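Please open the structure in your viewer and keep the sequence panel beside it. The stops below each suggest a selection and then describe what is there.

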Amino acid sequence: MLPQGLWALSLSCLASHCLAAGNLENFDELLTVRPLRDGHVTTRFLFSITQAGATPRVPDAILEEDEHRRCIAQHYSLFPLSLGQILREYAVTEVHLSLNAGKWDYGSWGMPEDLAVAGGAELWAWMGDSDRVGVDERWKGLRNALSGLFCASIGEMNEMRTTSPTYAFRPEGQLPLLFSNQTVTYQLRHASLPSEHVCTENLTPFLKLLPCKSLAGIASLLNPHRLFDADWHGMSIHVTWDELEGVKLQLSVQAVFDPVRSSTQQKRDFSFQSLFDRSISTACSVASNSKVEVALPQGVGYAITPEPLAFRDQIAVYDTSELVSEPLDISVRYPAEGSFSYPLELSSPLTDFEISRTFTGTTQSSGKLTVSIQNNRADDLQILYVETMPWLVTFYLHTLDLRVDGQKRDELMTRLKYAPPEAHGRPTLLEVELTIPASSILQVSMEVIRSFLRYTEHPPDASRGWDMPPAVFVVRNGNDSMTYGERVYTRPVLVDVATPDFSMPYNVIIMSSTLIALIFGSIFNLLTRRFVAIKVGDGNAANGDENELRNEFG
Amino acid sequence: MLLPRLFVNSLVLLACLSCCLASVKDQRNSVAVEEFFRLQNADGLPTSTSLNHTNNWAVLVSASRYWFNYRHMSNALGMYRTVKRLGIPDSNIILMLADDTACNARNHFPGAVYAGSGRKIDLYGDNIEVDYRGYEVTVENLIRLLTGRLDESVPRSKRLLTDARSNVFVYLTGHGGNEFLKFQDNEEISAFDIADAFEQMWQKKRYNELFFMIDTCQANTMYSKIYSPNILATGSSELAENSYSHENDNDIGVAVIDSFTHHILQFMEGINKTSHASMQDLFSTFDHRLIKSHAGVRADLFRRPLNEVRITDFLGGVAHVGILPEDDESEETVNSAEELGGHRPILPQSASLWTTMNSTEPLGGQSVEWRATRSWTAVALLGGLAGWALMSG
């Protein structure tokens, strides 16, 4: 009787604990729509799920039975279980994954709402160090697990693509002190895969992580056929931890649409129906906050329907948590405007600085990497420049050259950190802090060599070249502080490496086998065959000459 | 004194009787279960019945890269749509696509892949899971997938988690030649590799029956080297014969599907989950005039007559449900849950349902239970006799 009672008691404790944990979860959704001056419209879907009171798993506890497994870790009400299991399995404190297609045009679109706009796939994670299960092992597991979850090739982000930059990827949340009496070190792992495609198979599992899937709430707008038609589209997940908020998961989908392209009258009017071919008909009932925010156009006459709930700083706010009768189809029209003409003149850029990165060179073995950074501000700009390249591109650091208006200005570079590549292994990592003088262009260039790859190291479409990860630029906040602002990515560059004629090995094999057969055959013949004279009867006079063959070797 | 004793005795007898009844029922159930699973023969090979498998898996591979090979992607996606429609869940389908046509910059219809010039059915749809894509589609990965030799951290969605009761459908498409199939224009898988991979699967008890289909030039050579049992194979064309595309779409700009796959998909459109159509029905529709090549079938390794092999045995999701009535009427096992609802009346009360999850354990458990009930019956009988003796004495 006693054990039974105990069991019941513990069970009830467990149940109450679980309930308590479940109640602390919260789901918010927010759609931000922003018309841009070049006729484009950016949309950003943000789904946040917070699990208050939850803490990331202690890495040392991985090998032990997870006490929380039965309760907190496995009993989510809103937090996606499939992702929660991965985070727990590999004791990940903070992880950021993004899958994007296209090039974000900072100059005309401004800073994105979600900073993770690197082309292709990017993954970075902060994990607590542990003697028992190393960070690298867990990083590999995390990559593979996420690649399975999101149907992406993230598993390919192996040691050849993994780096740990010092300043550019600081944790966006907090890192818990695992033990009060012991200092715990956290490690960063970062990798990007610029050639990754993004398509419906990535969106499908993404939508399955949401509490309402794509059936209700703002997620019902996410129509893959329209999303993947957008000029720029991307999705990302961010998991952070905060002492006050607990574990926070942010799922985000961003897209930049061009309503002018799809309009028959060349107008930049847009609505949910025209952008997504859908409207919001049902509210996601588990969302505690469900809003749509539309930034109102500046300096032109416009009409917005239906009437917003509230206005705040040139933003129209709608509440989608209680849809009354008809589906929500927000539409913005420019009644006074005829057909929209794309601005021909280059208007002033929306960012403090602009970057262009090019790879030049006429041969396939060497080349030059040139980065030019234009400072649009009236004061100096301190920027951290992070460049990661797979080992097949090696920098000649002694050729690093900084020029402003053709003048050599080496003093503009401070705090250089360089990790040389390891052939067939670790990538190159270069971190430089640059000062860009007010309203001027700084040109950074250095010579590189491109390696000659092994026959088997080429990708299947070898002649296309290799996509090199984007460079990252981070502005330093103030002159003295060590904190950094928002990350800006360049576009990936394509590097052409020398490719062999892939049929060559077969030619070599065939040629060498032929030669061997010929040489061996004739030598073997000579060594083993005996040539002797044959006396044939006199009757065959016609063949007489041939019969007088003599073996000169005896 | 007598009354309680009588009471106790009658109780004992009752218990004894019910025990006997229960054991009889157990025995009958175990026989039925045995019937249901049609256990393997003494030589370890399954007997020729249709009820040997408990789960279905599909491996669909499009091995070609580049936009102009659009049709190979739509071949594989057409098969994906068919097996999904016939009931194999996404978790049991391994889809390998070597390139991304749906979101290709050249695709005028983003997020969509069509298999006909009318563009009626979007094969990509809103809900698709591609397990291996792009550079991950390699010969090594395919062989690792089939044989189960994968790294520990590889997720479940990228594994073929089959067992000795799995019916596996393997579909390959791409460019090929005599005894080889090209992967991404870069490497080849040979007919011998395929044959050895299947043999390894057989030895590791990774399939019950396997249906191998290949659509490529000289496809029939690809199955010629297979030597493992219970494999049914079909291919699109003979040695030294090309396999042609079916039609072009002018807006997409390239050929959208291959002839052989188009023909099979056409046939499959007439099939639903409850269909009784057999493999023989499918193979008899192979016509040189329609397919433009000589499609071949290899059934010498297969132990069942083809007219008894249902298409849904391989391309459909299995849900075996057996009904064991309590009374003595004939016991029946039914293939697939739909049939249960559709064609046969559901027997009232205590109809035991077996969803076939595990093959051998229930049987083992039954026999142990049977032994236990037998011994308890004996004890109860002895007790009853002793009680009787005491009472009469």
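## A tour by selection

Begin with Arg34 of chain A, which stands opposite Thr42(A) in strand E2 of that chain. This is a predicted model, and what follows should be read with that in mind.

**The strands around E2(A).** Extend the selection to strand E1 (residues 25–35) of chain A and to E2(A), which run antiparallel and are joined by eleven bridges. The hairpin of E1(A) and E2(A) has five residues between the strands, and there Gly39(A) takes a positive phi near 90 degrees. Now select residues 41–51 of chain A, strand E2, by themselves: eleven of the eleven residues are buried, so the strand is largely enclosed by the rest of the structure. If you display the side chains, you will find Val41(A), Thr43(A), Phe45(A), Phe47(A), Ile49(A) and Gln51(A) pointing one way, while Thr42(A), Arg44(A), Leu46(A), Ser48(A) and Thr50(A) point the other way, and all of them are buried. E2(A) also pairs with E8(A), in the antiparallel sense and over eleven bridges, and Leu46(A) has Ser252(A) as its bridge partner in E8(A).

**The eleven-stranded sheet.** Step back to the sheet that holds these strands, an open one of eleven strands in chain A, in the order E5-E6-E4-E3-E7-E8-E2-E1-E10-E13-E12, with mixed pairing. At its edges are strand E5 (162–163) and strand E12 (310–312) of chain A, each of which pairs on one side only. At the E5 edge, select strand E6 (residues 186–193) of chain A as well, since E5(A) and E6(A) pair in the antiparallel sense over two bridges; here Thr162(A) stands opposite Ala191(A) in E6(A).

**Helices across the sheet.** Add helix H5 (residues 135–149) of chain A, which lies across strand E3 (92–101), strand E4 (120–128), E5 and E6 of chain A and runs at about 140 degrees to E4(A). Then add helix H6 (residues 200–208) of chain A, which lies across E3, strand E7 (232–242) and strand E8 (246–257) of that chain, running at about 35 degrees to E7(A).

**Backbone details in chain A.** Which residue should you look for in the loop between H5 and E5 of chain A? It is Cys151(A), whose phi is near 50 degrees, a positive value in a residue other than glycine. Cys151(A) has a relative accessible area of 3% and is therefore buried, the cut-off being under 20%. Next select helix H3 (residues 81–89) of chain A, whose buried residues are Leu83(A), Gly84(A), Ile86(A), Leu87(A) and Arg88(A); H3(A) is followed by Ala91(A), where phi is positive, near 45 degrees. Then go to Pro306(A), in the loop between strand E11 (303–305) and E12 of chain A, and inspect the peptide bond that joins Thr305(A) and Pro306(A), which is cis, with omega at about -10 degrees.

**The five-stranded sheet.** Chain A also has an open sheet of five strands in the order E20-E21-E17-E24-E25, with antiparallel pairing. Its edge strands are strand E20 (413–419) and strand E25 (484–489) of chain A, each pairing on one side only, and the twist averages 15 degrees from one strand to the next. Within this sheet, select strand E17 (residues 381–389) and strand E24 (residues 472–476) of chain A, which pair in the antiparallel sense over four bridges; Val475(A) in E24(A) is the bridge partner of Ile383(A).

**A nonpolar patch.** Show the surface over Met511(A), Leu515(A), Leu518(A), Ile519(A), Ile523(A) and Leu527(A), which together make a nonpolar surface patch of about 640 Å². Met511(A) belongs to helix H10 (residues 504–528) of chain A, and this residue is exposed, with a relative accessible area of 51%.

**Chain B.** Finally, turn to chain B and select Tyr66(B), in the loop between strand E1 (55–62) and helix H2 (70–85) of chain B. Phi of Tyr66(B) is near 85 degrees, a positive value in a residue other than glycine, and at 26% relative accessibility Tyr66(B) counts as partly exposed. The last selection is helix H3 (residues 139–147) of chain B, where the buried residues are Val139(B), Asn141(B), Leu142(B), Leu145(B), Leu146(B) and Thr147(B); Gly148(B) follows H3(B) and has a positive phi, near 80 degrees.

Terms used: Residues are numbered from 1 along each chain as its sequence is written. Chains are lettered from A and ligands numbered from 1 in the order in which they are written. This is a predicted model: local features need pLDDT of at least 70, side-chain atom pairs count only at pLDDT 80 or more; totals for chains, interfaces and linings use all residues. Side-chain values use heavy atoms; hydrogens and water are left out. Two strands pair if DSSP finds at least two bridges between them. Contact means heavy atoms within 4.5 Å. Axes are lines fitted to C-alpha atoms, for helices over the stretch in contact, and angles run from 0 to 180 degrees between N-to-C directions. Patches are made of residues with over 30% relative accessible area and no salt bridge: like charges are joined within 9 Å, nonpolar side chains (Val, Leu, Ile, Met, Phe, Trp, Tyr) within 5 Å. Accessible areas come from the Shrake-Rupley method with a 1.4 Å probe; for residues, only the protein chains shown count as cover. A salt bridge is a side-chain nitrogen of Lys or Arg within 4 Å of a carboxyl oxygen of Asp or Glu. Buried means under 20% relative accessible area, exposed over 50%, partly exposed in between (1.4 Å probe, protein chains only).
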